[in-house]
Amino acid sequence: MSDFYQRVYEVVRLIPPGRVTSYGAIARYLGTGRSSRMVGWAMNLSHHQPEYVPAHRVVNRNGLLTGKIHFTPPSAMQELLENEGITVTDDQIVNFNQYFWNPMDEL
DNA sequence: ACGTTGACCTATA
DNA sequence: GTATAGGCCAACG
């Protein structure tokens with residue numbers, strides 16, 4: 001596995017419970033910059049990884065759960081977030097700015 | 001080998 | 001405020 005994916009999974013695992021981040025934030029932190037789609041691909045392959053990756057804490061820039069359909073079942077993502085104290089309405093995180101966790105600030 | 005797709009983002013109108 | 005366009009690059013058929 002290339003270093004890129006390895007670093008993506010590493011950062012995702014560092015997300016504190018009850019907090020969320022965005023693909024773009026991870027991409028910029030890793031230096032890939034505009035190629036934030038690769039982060040999405042990394043998440044798509046995350047379930048192959050031996051170590052568990054909390055992909056439900058990664059959403060798009062608007063705080064919308066665009067990737068929930070890749071979960072089994074799709075409602076699992078929303079339930080996991082609500083289980084951590086995050087309110088989700090219509091596949092969108094309420095007060096997203098409040099729960100947002102920026103890798104730049106912590107790392 | 002080539003065209004299309006995609007868990008995105010930024011910019012422009 | 002929404003709508004559309006372009007760019008990004010790996011994986012799939």
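For the class counts in these legends, Ala, Val, Leu, Ile, Met, Phe, Trp, Tyr, Cys and Pro are taken as nonpolar, Asp, Glu, Lys and Arg as charged, and the others, Gly among them, as polar. The views show a predicted model.

**View 1. The protein surface near DNA strand B.** By class, the surface near DNA strand B is made up of six nonpolar, ten polar and three charged residues. In total 19 residues surround this strand, and the closest of them are Arg37, Met43, Arg61, Thr66 and His70. Helix 2 (23-30) and helix 3 (37-44) each supply at least two residues of this surface, and helix 3 gives the most, with six residues. Where the atoms of DNA strand B come within 4 Å of the protein, 45% of them belong to sugar or phosphate, while the rest belong to bases.

**View 2. Polar contacts to DNA strand B.** Two of the contacts shown here reach bases: an N or O atom in the side chain of Ser36 is 3.5 Å from a base oxygen of DNA strand B, and a backbone N or O atom of Asn44 lies 3.0 Å from a base nitrogen of DNA strand B. At Arg61 the partner is a phosphate oxygen of DNA strand B, which lies 3.0 Å from a backbone N or O atom of that residue.

**View 3. The protein surface near DNA strand C.** The residues that surround DNA strand C are Tyr5, Ser35, Arg37, Met38 and Trp41. Of the atoms of DNA strand C that come within 4 Å of the protein, sugar and phosphate account for 65%. Helix 3 gives the most to the surface near DNA strand C, with three residues, and by class this surface has three nonpolar residues, one polar and one charged.

**View 4. Polar contacts to DNA strand C.** An N or O atom in the side chain of Tyr5 is 3.2 Å from a sugar or linking oxygen of DNA strand C, and a polar side-chain atom of Ser35 lies 3.0 Å from a sugar or linking oxygen of that strand. The side chain of Arg37 is placed at a base, with one of its N or O atoms 3.4 Å from a base oxygen of DNA strand C.

**View 5. Helix 1 and its buried residues.** Within helix 1 (residues 3-13), the residues Phe4, Tyr5, Val8, Tyr9, Val11 and Val12 are buried. These residues lie on the same side of helix 1, because they cover an arc of only 160 degrees around the axis. Arg7, which also lies in helix 1, has a relative accessible area of 43% and is therefore partly exposed. Between Arg7 and Ile69 there are 24 Å in space, C-alpha to C-alpha, and the two are 62 residues apart in sequence.

**View 6. The largest pocket.** The largest pocket has a volume of about 540 Å³ and is lined by 22 residues, of which Met43, Ser46, Ala55, His70 and Phe71 lie nearest its centre. The elements that give two or more residues to the lining are helix 3 and helix 4 (75-83), and helix 3 gives the most, with three residues. Divided by class, the lining of this pocket holds ten nonpolar residues, eleven polar and one charged. Met43 and His70, named here among the residues nearest the centre of the pocket, are also listed among the closest residues to DNA strand B.

Key:
Residues numbered from 1 in each chain as written. Chains lettered and ligands numbered in written order. Predicted model: local features only at pLDDT ≥ 70, side-chain atom pairs only at ≥ 80, totals over all residues. Heavy atoms only, no water. Helix = DSSP H or I, 4+ residues; strand = E, 2+ residues; numbered from the N terminus. Buried < 20%, exposed > 50% of the residue type's maximum accessible area, 1.4 Å probe, protein only. Near = heavy atom within 4 Å. Polar contact = N/O pair within 3.5 Å; in protein donor to acceptor, adjacent residues only side chain to side chain. 1 Å grid on protein atoms, 1.4 Å probe; cavity = no way out; pocket = protein on both sides within 12 Å on 5 of 7 lines; lining within 4 Å. Points joined across faces, edges and corners; volume = space filled by probe spheres on them. Arc of directions from axis to C-beta.
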